[in-house]
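Visitor: Hi, I have a structure open here and I'm not sure where to begin. Could you walk me through it while I ask questions?

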Amino acid sequence: MSVLRLGLCVLGVYSMFLLWAVAQERLSVPFQHIDGQSTHKFKSALFLGTCQSFLSSLSALAYIVIRGKPGSSLSSLLGLDLASMAQTSNSSNSKTNGSPSTKVNGHAHSSSAPSHTSSSTSKTLLLRYLQVSAFITLAAPFGFAALSYITYPTMVLGKSCKLVPVILMNVVMYRRRFAPHKYIVVAMVTAGISVFMGFGNEKPSKTSSNGEQGPYGQLIGILYLVINLILDGAVNSTQDEVFVRYKVTGQQMMFWINLFCTLLSTALGTLPLPHIPVLHPSSGLQSEFANAIGFIRTHPSVIVPLVQFSLTGALGQLFIFETLQHFGSLTLVMITLTRKMFTMVLSVVLYDHKLTLGQWVGAGIVFGGISVEAWVKRKEVHAKRVLQEKEKAKIKSL
C-alpha cells in the first residue's frame, strides 16, 4: 500500500508541476495591452505567490471537508482538536511497532507527545504553522533576488544541493537523527544531481541589464542563494517536527500554512511599506498589489495563465503534503529535485535528445542512491512481515 501511495504521490507531483512550469513560462513573456499597440511583462512575483497560496488553502479546505467524518467539529476537521487526535494516534500506535511518521521523519531526542492542555497546544501548533509560513514568505524573495546576480544554471546547481540544508536544519533545529543509510542516499543524490546539472549544455543567462553585476555581484548572489536554501531547510525540518509532535494530516497542515502565507504576503503587498532590500524592493505611494491589479485590467490575457499557475500549484501541493505526511521531507525533496533530471532523461527516450557523458554519470549516481533507499525499504518490509508471521504463529500455538 505504501509503495502504491508513493507512486501516486510521485506521479501527482511530476504531472502537476510540469503543467505548473508551463504556466510559469507563459507568465514570463510579454502580454498585449488592451490598446493593441504595446506589450508588457507581468512582474509581481508576490501577487503570483498570494494567488497560489490562496487557492491552495481553498483546495486543502475542500479536501478536508469532503474526506472528513460526518458530524466532526470544525476544530477537529482543521486539526486543532488535539486531545481526541492524540487519543486516536495512541490507540493506532499501540497496534503497530512505533509511529510511521516518526520513522520516515527521523527521530528527535525530545518527547514527541505534547504534555500541555489542548488549548495551549493548539496555540503552539498555530505558531508552528505561522513560523513555517514566515520562512516560506522570506525564502522566495531571496531566491528571486539571487537571479539578479548569478546565472540560472548556477541557481539550479545550488538548488540541487537542497537535501543538505534540509538534513542539516533537522539536526540543528530539532536534534533529529536519521538512519545511517539516509545520509548515504542524500550524499549520492546531491552529488549525482550536481554532476548532472554541472555537465549540462545549458547556456548561462545574460547578465542583468540593471547594473547589479559588480565586482562582488557573484558573492552577493551566492549569499542570497545560501539564505534561500537555509530557509527552505528550516521549512522542511519544521514540517517534519509538526508531523511527529502533533499527528496532523498533510491537508490540515497545507490549509493553515497557505492561509498564513496568504495573510503575510497580502500584508506585504497591500501596505504602503518603504523600500526594504530583497523583501520589499518596490516603493512609492501605490502598493505592489495595486500595480498588479492595474496590470490585469489593462492586460486581460494574463488571467488564464495566472489561473492555470495558481490551480496547478494548488493541486500539486495536495500531493506534496501527502508525501510529507507519509514519507517525510527527505523523500519529498528527492522527488522534487529528481523531477527535472527524469524529465530530461525521458526527453532522450521520446525525442532523441542528447545527454553529455557527465550527465549520464550523474544520472547513474542518482539512480544508485535511489536503489540504496529502495533496497533498505525492501529489507524493512521483509523484516516486518517475518515478525508478523512469528507473532501469528505464537498466537496460534496458545
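**A charged residue out of sight**

Guide: Let us begin with Glu 241, which counts as buried because its relative accessibility is 5%, and please keep in mind throughout that this is a predicted model.

Visitor: OK, so which residue forms a salt bridge with Glu 241 from strand β4?

Guide: That is Arg 176, whose side chain meets that of Glu 241 in a salt bridge at 2.4 Å, N to O. The pair links distant parts of the chain, since Glu 241 sits in helix α10 and Arg 176 in strand β4, 65 residues apart. Both Glu 241 and Arg 176 are buried.

Visitor: And what does Arg 245 do with Glu 241?

Guide: Arg 245 forms a salt bridge with Glu 241 as well, and here the closest N and O atoms are 2.8 Å apart. These two residues are 4 apart in helix α10, so about one helical turn separates them. Arg 245 counts as partly exposed, because its relative accessibility is 22%. Taken together, Arg 176, Glu 241 and Arg 245 are linked in a network of salt bridges.

Visitor: Why do side chains like that pair up at all?

Guide: In general, side chains of opposite charge can pair when their charged atoms come close.

Visitor: How many salt bridges are there by this rule?

Guide: The count comes to 3 salt bridges. One of them joins Arg 5 and Glu 322, with the closest N and O atoms 3.4 Å apart. Arg 5 belongs to helix α1 and Glu 322 to helix α13, so this pair ties together parts that are 317 residues apart in sequence.

Visitor: Are those two buried or exposed?

Guide: Arg 5 counts as partly exposed, at 27% relative accessibility, while Glu 322 is buried, with a relative accessible area of 14%.

Visitor: Let me hop over to Thr 323. What is Thr 323 in contact with?

Guide: Thr 323 is placed in helix α13, and if we leave aside its neighbours within four places in sequence, it is in contact with Cys 9, Gly 328, Leu 332 and Ile 335. Thr 323 counts as buried because its relative accessibility is 0%.

Visitor: New topic, the greasy part. How many residues does the largest nonpolar core have?

Guide: The largest nonpolar core has 59 residues, and those with the most contacts inside it are Phe 42, Phe 47 and Tyr 129. Several helices each supply at least two residues of this core, including α1, α2, α6 and α13. The largest share, 9 residues, comes from α10, which is also the helix that holds Glu 241.

Visitor: What does Tyr 129 touch?

Guide: Not counting residues up to four places away in sequence, Tyr 129 touches Val 242, Val 248, Gln 252, Met 253, Trp 256, Ile 257 and Phe 260. Apart from the largest core lies another one, of 20 residues, among them Val 186, Ile 193, Met 197 and Ala 363.

Visitor: I keep spotting rings. How many aromatic pairs are there?

Guide: A search of the whole structure finds 11 aromatic pairs. One of them is formed by Phe 17 and Trp 20, which are edge-to-face, with 5.6 Å from centre to centre and 65° between the planes. Phe 17 and Trp 20 are 3 residues apart in helix α1, so about one helical turn separates them, and both are buried.

Visitor: Which residues do ring pairs link into a cluster?

Guide: The cluster holds Phe 42, Phe 47, Phe 289 and Phe 295. You have already met Phe 42 and Phe 47 among the residues with the most contacts inside the largest nonpolar core.

Visitor: Nice. Which residues does UniProt annotate as "transmembrane region"?

Guide: The UniProt record, an unreviewed entry, gives that annotation to several spans, including residues 255–273 and 302–320. In the model, residues 255–273 are 84% helix and 0% strand, with the end C-alpha atoms 27 Å apart. Residues 302–320 are 95% helix and 0% strand, and their end C-alpha atoms also lie 27 Å apart.

Visitor: Last one: how many helices and strands does the chain have?

Guide: The chain has 14 helices and 4 strands, and of its 398 residues 41% count as buried. Among contacts with a separation of 6 or more, 83% come from residues 24 or more positions apart. The accessible surface comes to about 21,600 Å², of which 67% belongs to carbon and sulfur atoms.

Note on methods. Residues are numbered from 1 along each chain as its sequence is written. This is a predicted model: local features need pLDDT of at least 70, side-chain atom pairs count only at pLDDT 80 or more; totals for chains, interfaces and linings use all residues. Side-chain values use heavy atoms; hydrogens and water are left out. UniProt positions are given in the numbering used here, feature names are shortened, and annotations may be inferred rather than shown by experiment. A nonpolar core is a set of buried Ala, Val, Leu, Ile, Met, Phe, Trp, Tyr and Cys residues joined through side-chain atoms within 4.5 Å. Buried means under 20% relative accessible area, exposed over 50%, partly exposed in between (1.4 Å probe, protein chains only). Contact means heavy atoms within 4.5 Å. A salt bridge is a side-chain nitrogen of Lys or Arg within 4 Å of a carboxyl oxygen of Asp or Glu. Rings of Phe, Tyr and Trp (its six-membered ring) pair if their centres lie within 6.5 Å; planes under 30 degrees apart count as stacked, over 60 as edge-to-face and the rest as tilted. Accessible areas come from the Shrake-Rupley method with a 1.4 Å probe; for residues, only the protein chains shown count as cover.
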